[in-house]
Amino acid sequence: NLFVTYTFGYSFVAVLQFTIYLYCAELFPTAVRTLGVGVSYNIGFGLFGGFAPLLAEASLEWSSYGPGLLLSLSGLVTVVTILGSVHLLEHGQVEKLAHIRPRPYLASWADGDVGE
């Protein structure tokens, strides 16, 4: 059934996308949370989302795989950033990754508490 497929598909996408807002909300103290999340989100969206079509079009002159390579590169930057922050946390070079909690939501794997 097409309705069931769309329901589960969009539910899966929603679960993947809402976790970033849980993480971002705890990066800032409550007094400046709205400002911090709003400014950082809009600057990031404006820079990377705004220039993405331009870069994708320009990369087509270099290779037909250019846009895919750009998306893969952005994914690699994300993975390196996450692994780097977990590494810094484990070696005591940063105190915590979130403002309120000692670790962000859904990040118990960083401390080895997978079963809890």
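Is serine 59 buried or exposed in this model? At 10% relative accessibility, serine 59 counts as buried, because the cut-off for that class is a relative accessible area under 20%. The structure is a predicted model, and the paragraphs below move from its overall make-up through its helices before coming back to this serine.

The chain holds three helices and zero strands, and from the N terminus on its elements run α-α-α. Buried residues make up 11% of the 116 residues in the chain, and serine 59 is counted as buried. The accessible surface of the chain comes to about 9200 Å², with 70% of that area belonging to carbon and sulfur atoms. When contacts with a separation of 6 or more are considered, residues 24 or more positions apart account for 35% of them.

Confidence should be kept in view while reading the rest. The chain averages a pLDDT of 80, and 81% of the residues score at least 70. Among the elements of the chain, H1 has the lowest mean pLDDT, at 84, whereas helix H3, which covers residues 66–90, has the highest, at 88. Where pLDDT is low, the predicted coordinates should not be read in detail.

Helix H1 covers residues 2–25, and its length can be checked by simple arithmetic: at 1.5 Å a residue, its 24 residues should span 34 Å, and the end C-alpha atoms are 35 Å apart, which agrees. The expected figure is 34 Å because the rise is multiplied by one less than the number of residues. At the N-terminal end of H1, asparagine 1 acts as a cap, with a side-chain oxygen lying 3.2 Å from the backbone nitrogen of phenylalanine 3.

Aromatic side chains give a second view of the helices, and a search of the whole structure finds two aromatic pairs. In one of them, tyrosine 6 and tyrosine 10 are stacked, with 5.9 Å from centre to centre and 15° between the planes. Both of these tyrosines lie in helix H1, four residues apart, which is about one turn of the helix. An α-helix has 3.6 residues a turn, so residues three or four places apart point the same way. Tyrosine 6 is partly exposed, with a relative accessible area of 46%, while tyrosine 10 is exposed, at 57%.

The other pair is formed by tyrosine 41 and phenylalanine 45, which are stacked at 5.9 Å centre to centre, with 20° between the planes. Being four residues apart in helix H2, tyrosine 41 and phenylalanine 45 are separated by about one helical turn. At 41% relative accessibility tyrosine 41 counts as partly exposed, whereas phenylalanine 45, at 53%, counts as exposed, because the exposed class begins over 50%.

Helix H2, which covers residues 33–62, also contains serine 59, and this brings the account back to the opening question. Not counting residues up to four places away in sequence, serine 59 touches Gly66, Pro67 and Leu70, and helix H3 covers residues 66–90. Proline 53 also lies in helix H2, but proline 53 is exposed, with a relative accessible area of 53%. The C-alpha atoms of proline 53 and proline 67 are separated by 8.9 Å, although these two prolines are 14 residues apart along the chain. Proline 67 is also one of the residues touched by serine 59, the residue that counts as buried at 10% relative accessibility.

Terms used. Residues numbered from 1 in each chain as written. Heavy atoms only, no water. Helix = DSSP H or I, 4+ residues; strand = E, 2+ residues; numbered from the N terminus. Polar contact = N/O pair within 3.5 Å; in protein donor to acceptor, adjacent residues only side chain to side chain. Buried < 20%, exposed > 50% of the residue type's maximum accessible area, 1.4 Å probe, protein only. Contact = heavy atoms within 4.5 Å. Areas by Shrake-Rupley, 256 points an atom, 1.4 Å probe, with all protein chains shown as cover. Phe/Tyr/Trp six-rings, centres within 6.5 Å; stacked < 30°, edge-to-face > 60°. pLDDT = per-residue confidence, 0-100.
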